[in-house]
Amino acid sequence: MTPPTVLISGAGVAGPTLAHFMARHGFRPTIVERAGGQRSSGNPVDVRGPALPVAEELGIMPQLRAAATHATSMLVIDAKGRPAGRVPMPSSKSAAGNREVELPRGDLAAILQEAARDDAELLWDDTVTSVSQDGSGVDVMFEREAPRRFDLVIGADGLHSAVRRLVFGPERDFVRHMGVWVATMPLDGPAEYPHDVLMHNTPGRLVSIHPSTGRAMVAFIFRGPMVDGFDHRDTAQHKRIVTEAYADAGWCVPELLCRPGRMAGSRCSATRRPVCPCSATDPASPWPAPTPSPPLWPQARRTTRRPSGHTRQHTASTPTPSSAPPASPRRC
Ligand SMILES: Cc1cc2nc3c(=O)[nH]c(=O)nc-3n(C[C@H](O)[C@H](O)[C@H](O)COP(=O)(O)OP(=O)(O)OC[C@H]3O[C@@H](n4cnc5c(N)ncnc54)[C@H](O)[C@@H]3O)c2cc1C
C-alpha cells in the first residue's frame, strides 16, 4: 500500500516537527515554506516544559545546546540607565537541574528542518494558493510548484496562516488580539554584555536588549488595544505603533528607535526596514526626531581598570553587567 501523503504548510517550529513524527507513523510528508531557505538567528525562545520531551525524542538536544545563547541573567535598568537589579535566568547553564535551552528561533527552526530532512520533501520559496477538498483527497495549487493532490493538508504556517484563510476564511474571523504587542529588531552587531539581558520596564511597557548569539536583539513588548486597519505587512504602520507606544520612554529607547538596523518578525509582524531619523531625508518619515539618551552605566565613571585587566567597582551595591563594565560613560 502506498503511504498516505500529507502537505504541511510552514517549516517553522511546528511544521518540521510534525513532518518527522508523521513520517514515523507511515505518512509521506511534503513541507512548503514561503521563505527562500533556512534562516538562522532571530528572537531567542526557550525550549522548556512539554517541548523538552519532544526535542529529546527527536534527538536534537545536543544541537540545541550547541546553538544556545549564553545569557545567564536579566539586568533591570531604570529610566536613567542605571542598573536596578539582577534576576538569574532559569535557562542559564548555572541553574540547578537545568534542562531548558534558550536559542534563537531561526536556529531552532533550522535544527528542526535538519531533523526532518530525511522524512519530508521540502519546497522552499513557495506557498499554497488554493485548496480544494473532495471525499478522497485535497487538490492543492501552489504559487510556483505544479498542482498536486494530497491525502491531507495541515496548516503550520503561523499567526497569519494561508491555509486557515483558504480553508476557513479571513484572518479577522479567527485571530483574537490578546492586548499585547511584540516587535523585535536586530542591532548592528554583537552585544557588549554577552551574558546579560538588559530590561527596562515601566507599567505596560518593556524594552529589552538580548545578547542572543550573533547580533543582539531588541524587543519592544507593550500593552495596547488592536489598531483599526492593522495590516501585518504594513511596515510603516508598525513603526508608527511602536514609536507612539514608546514616545516618552527613558533609558536609550529614543536611540534604539532610530537604529539603522532591520526589524525582524514580531507579533505585529513587524517592520522590515525602518527609516532611521538620524539620517533620514524623507520628510514623511514616521519616526520621531531622535533625542539624546542618558548614559547606560553612569557608575562606570567611578570604575578603575587595573593593569591586570581586572576592574574594581567603587559602587559595590550596584548591580553590574556580567562582563566588565566600560571604563568610560557610554551610550547604548
Ligand atoms: C518575542 C517572542 C518570544 C517567544 N518566546 C517563546 C519561548 O520562549 N518559548 C516558546 O515555546 N515559544 C515562544 N514564542 C512563541 C513561538 O515563537 C511560537 O509559538 C512558534 O514560533 C510557533 O511555531 P509555528 O511553527 O506554529 O509558527 P512559526 O514559527 O511562526 O512558523 C511558521 C512558518 O510558516 C511559514 N509561512 C508563513 N506563511 C506561509 C505561507 N503562506 N506559505 C508557506 N509558509 C508560510 C513562515 O515563514 C514560518 O517559517 C515566542 C514568540 C515571540 C514573538
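Reader: What makes S8 and strand S9 (residues 137-142) a pair?

Author: Six bridges join S8 to S9, and the two strands run antiparallel. Two strands pair if DSSP finds at least two bridges between them, so S8 and S9 qualify with six. One match to look at is Val131, which stands opposite Val140 in S9. Before you go on: this is a predicted model, in which local features need pLDDT of at least 70 and side-chain atom pairs count only at pLDDT 80 or more, while totals for chains, interfaces and linings use all residues. Residue numbers start from 1 along each chain as its sequence is written.

Reader: How many helices and strands are there in the protein, and what counts as one?

Author: The protein has seven helices and 17 strands. Both are DSSP runs numbered from the N terminus: a helix is H or I over at least four residues, a strand is E over at least two.

Reader: Why are S8 and S10 called edge strands?

Author: They belong to an open sheet of three strands, ordered S8-S9-S10 with antiparallel pairing. Strand S8 (128-134) and strand S10 (148-150) each have a single partner strand, so one side of each has no neighbour in the sheet. From one strand to the next, the twist averages 25°, taken between axes that are lines fitted to C-alpha atoms (for helices, over the stretch in contact), with angles between N-to-C directions running from 0 to 180 degrees.

Reader: Which strands make up the parallel open sheet, and in what order?

Author: Four strands, in the order S7-S2-S1-S11. S7 and strand S11 (152-155) are the edge strands here, each pairing on one side only. Neighbouring strands are turned by 20° against each other on average, direction ignored. Helix H1 packs on this sheet, touching S1, S2 and S11, and its direction makes about 170° with that of S2. Within the sheet, strand S1 (residues 5-9) pairs with S2 over five bridges, with Leu7 opposite Thr30. On S7, Leu122 stands opposite Ile31, and S2 and S7 share three bridges.

Reader: What makes strand S2 (residues 28-32) mostly covered?

Author: Four of its five residues are buried. Buried means that 20 or more other C-beta atoms, placed from the backbone, lie within 10 Å of a residue's own; 12 or fewer is exposed, and anything in between is partly exposed. Across the 332 residues of the protein, 34% count as buried.

Reader: Is Trp251 buried or exposed, and how do you know?

Author: Trp251 has 23 other C-beta atoms within 10 Å, so it passes the mark of 20 and is buried. Its place is the loop between H6 and helix H7 (253-257), and it has a positive phi of about 50° although it is not a glycine.

Reader: Why is Asp125 called partly exposed?

Author: Asp125 has 13 other C-beta atoms within 10 Å, which falls between the two cut-offs, so partly exposed is the right class. This residue is also a non-glycine with a positive phi, about 55°, and it lies in the loop between strand S7 (121-123) and S8.

Reader: And what puts Ser73 in its class?

Author: Ser73 has 19 C-beta neighbours inside 10 Å, so it counts as partly exposed. It is found in strand S4 (residues 73-77). Its C-alpha lies 5.2 Å from that of Asp196, although the two are 123 residues apart in sequence.

Reader: How do you know that the buried residues of H6 sit on the same side?

Author: In helix H6 (residues 235-245), His238, Lys239, Ile241 and Val242 are buried. They cover an arc of only 160° around the axis, which puts them on the same side of H6; the arc is that of the directions from the helix axis to the C-beta atoms. An α-helix has 3.6 residues a turn, so residues three or four places apart point the same way. S12 and S15 are among the elements that cover these buried residues.

Reader: How many bridges join strand S12 (residues 180-186) to strand S15 (residues 217-223)?

Author: Seven, and the strands run antiparallel. Val182 has Ile221 as its bridge partner in S15, and Ile221 is the partner of Leu206 too. S14 and S15 form a hairpin with six residues between them, where Ser212 in the turn has a positive phi of about 45°.

Methods:
Contact = placed C-beta atoms within 7 Å.
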